[in-house]
Amino acid sequence: MIQFRVKTAASLAALLTSSLFAMAAEAADKVVLQIDGAAAPFYAPLYAGVENGIFEKNGIEVEFIYAAAADILTNIAAGNVDFGFPNGDAVVAAAANGLPVKVVHTTYQRGIGALLAKEESGIKSYKDLKGKKVAVTSLASPNYLQLQVGLQQAGLTLDDVTVEVVATGAIVQSLQAGQVDAIVFSELRKYNLEADGTKVTMILSNDFLPSFGNVVVTSDKKLAENADVVKRFTTAVTQSYEWVIDGHIPEALDIALTKYTPTWPKDQMPILTTAFEQTFVSSVWQSPLTKEKGLGAADFAAWQKNADILAQYKVIDSAPKAEDFVVDPSTIGQ
């Protein structure tokens, strides 16, 4: 009996030890994702991915923190955070400055900058801006560059318009009040304007200046040394966005508004739903390229054109090669 108990105890100890090792082997990799700006419903796919267990299924435990795009890229390069979700223009600038960063998931296949004007203004193209007042939020913003490129392609220059700098929180109101004739800002504000009964003409900046909204970045070092973690993380991102695209916009927004952005006005749900349906799902997260290669696919030619234009307009000193800082997620780990 004693011998039986000893063997049982030994077997139990071995079982417990092996179980602990198994649990350790199956433990999720903890990563930090630093997102551009502040918590907002527009990041609902990522929030839903956590709440639905998509990241967990891929062996990832993710923590969300927030910062400005330039700070995110500095933190990525220094190894302070694992992944970042800044805008594409900031990534190009970081790469041009020699920061060791890599785009590993081109989540937003295009930028969402746009020129917005009241339909009654008669502004239908950039040519119609001659002699008009146009607002941007900053002379250092991507939208100011979009204005310059749009004017140039229309045969105009900044001297042909009056540029007004208006704060982010007031720029839409400046258009509504007639203080300016047009604004170059986010196309998402079109839905706010239309909800207030304002008929809007919209010209997408991406039509003449390929750019990218939020993209997933990591460091050269992490990609080289932890390709498996990067692969599982980008896979989780793809699956999170796929879930929303596959008919779950209301559920994703409810998760975002309830748990992650509780101070966001709940009456914005209809506007957000429209924005997701008509902008994000239809042509931002998806493109002809993603239909072929999957969400997050890298359009190297568009990335290069964006870098070349940033260099042309002296936003950066010289254009980095897209292949040096952009990676197609399908090739990670190969």
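## Exercises on a predicted model

On the other side of helix α4 from its buried residues, A70 and A78 are exposed. The model is predicted.

### Exercise 1: the two sides of α4

Task: find which residues of α4 are buried, and state how they sit around the axis.

Solution.
Step 1. Helix α4 spans residues 69-78. Its buried residues are A69, I72, L73, N75 and I76.
Step 2. These residues cover an arc of only 160 degrees around the axis, so they lie on the same side of α4.
Step 3. Recall the helix geometry. With 3.6 residues a turn in an α-helix, residues three or four places apart point the same way.
Step 4. Look for the cover. The buried residues of α4 are covered by elements including the strands β1 (29-36), β2 (60-67), β3 (83-85), β4 (101-105) and β10 (216-219). Helix α5 (88-96) is also among the covering elements.
Step 5. Check the end of the helix. G79 comes just after α4 and takes a positive phi of about 80 degrees.

### Exercise 2: α2 and its two helix partners

Task: describe how α2 packs against α10 and against α11.

Solution.
Step 1. Start with burial. Of the 8 residues of α2, 6 are buried, and the helix is mostly covered. The buried ones are A44, P45, L46, Y47, A48 and G49.
Step 2. Choose the descriptors. Two packed helices are described by the angle between their axes and the distance between the axes.
Step 3. Take α10 as the partner. α2 (residues 44-51) and α10 (residues 227-245) pack at about 105 degrees, and their axes are 8 Å apart. That angle makes α2 roughly perpendicular to α10, because angles of 65 to 115 degrees count as such.
Step 4. List the contact residues. α2 brings P45, L46, A48 and G49, while α10 brings V237, S240, Y241, W243 and V244. By class, the residues of this contact are 7 nonpolar, 2 polar and no charged.
Step 5. Turn to α11 (residues 249-260). Its angle with α2 is about 85 degrees, with the axes 8 Å apart. α2 and α11 are therefore roughly perpendicular to each other.
Step 6. List the residues again. A44, Y47, A48, V50 and E51 of α2 meet A252, L253, I255, A256, K259 and Y260 of α11. This contact of α2 with α11 has 9 nonpolar, no polar and 2 charged residues.
Step 7. Look past the helix. G53 follows α2, and its phi is positive, near 80 degrees.

### Exercise 3: the surroundings of N143

Task: state whether N143 is buried or exposed, and name a polar partner of its side chain.

Solution.
Step 1. Place the residue. N143 belongs to helix α6 (residues 142-153).
Step 2. Read the accessibility. N143 has a relative accessible area of 11%. Buried means under 20%, so N143 is buried.
Step 3. Find the polar partner. The side chains of N143 and Q146 are joined by a polar contact of 3.0 Å.
Step 4. Add the backbone. A polar atom of the N143 side chain lies 3.5 Å from the backbone oxygen of F185.
Step 5. Complete the contacts. With neighbours within four places in sequence left aside, N143 is in contact with G113, V136, V184 and F185.

### Exercise 4: T290 and K314

Task: compare the settings of T290 and K314.

Solution.
Step 1. T290 is in helix α13 (residues 288-293). Its relative accessibility is 7%, so T290 counts as buried.
Step 2. A polar atom of the T290 side chain lies 2.8 Å from the backbone nitrogen of S287.
Step 3. Not counting residues up to four places away in sequence, T290 touches Q109, W285, L295 and G296.
Step 4. K314 is in the loop between α14 (300-312) and α15 (322-325). K314 is exposed, at a relative accessible area of 71%.
Step 5. Check the backbone of K314. Its phi is positive, about 65 degrees, although K314 is not a glycine.

### Exercise 5: the whole chain

Task: how many helices and strands are there in the chain, and what share of its residues counts as buried?

Solution.
Step 1. The chain has 15 helices and 10 strands.
Step 2. Of its 334 residues, 51% count as buried.
Step 3. The C-alpha atoms fill a box of roughly 100 × 45 × 35 Å along the principal axes.
Step 4. Among contacts between residues at least 6 apart in sequence, 78% join residues at least 24 apart.

How values were computed. Residues numbered from 1 in each chain as written. Predicted model: local features only at pLDDT ≥ 70, side-chain atom pairs only at ≥ 80, totals over all residues. Heavy atoms only, no water. Buried < 20%, exposed > 50% of the residue type's maximum accessible area, 1.4 Å probe, protein only. Helix = DSSP H or I, 4+ residues; strand = E, 2+ residues; numbered from the N terminus. Arc of directions from axis to C-beta. Contact = heavy atoms within 4.5 Å. Polar contact = N/O pair within 3.5 Å; in protein donor to acceptor, adjacent residues only side chain to side chain. Axes fitted to C-alpha atoms, helices over the stretch in contact; angles between N-to-C directions. Parallel < 35°, antiparallel > 145°, perpendicular 65-115°, else oblique. Nonpolar A, V, L, I, M, F, W, Y, C, P; charged D, E, K, R; others polar.
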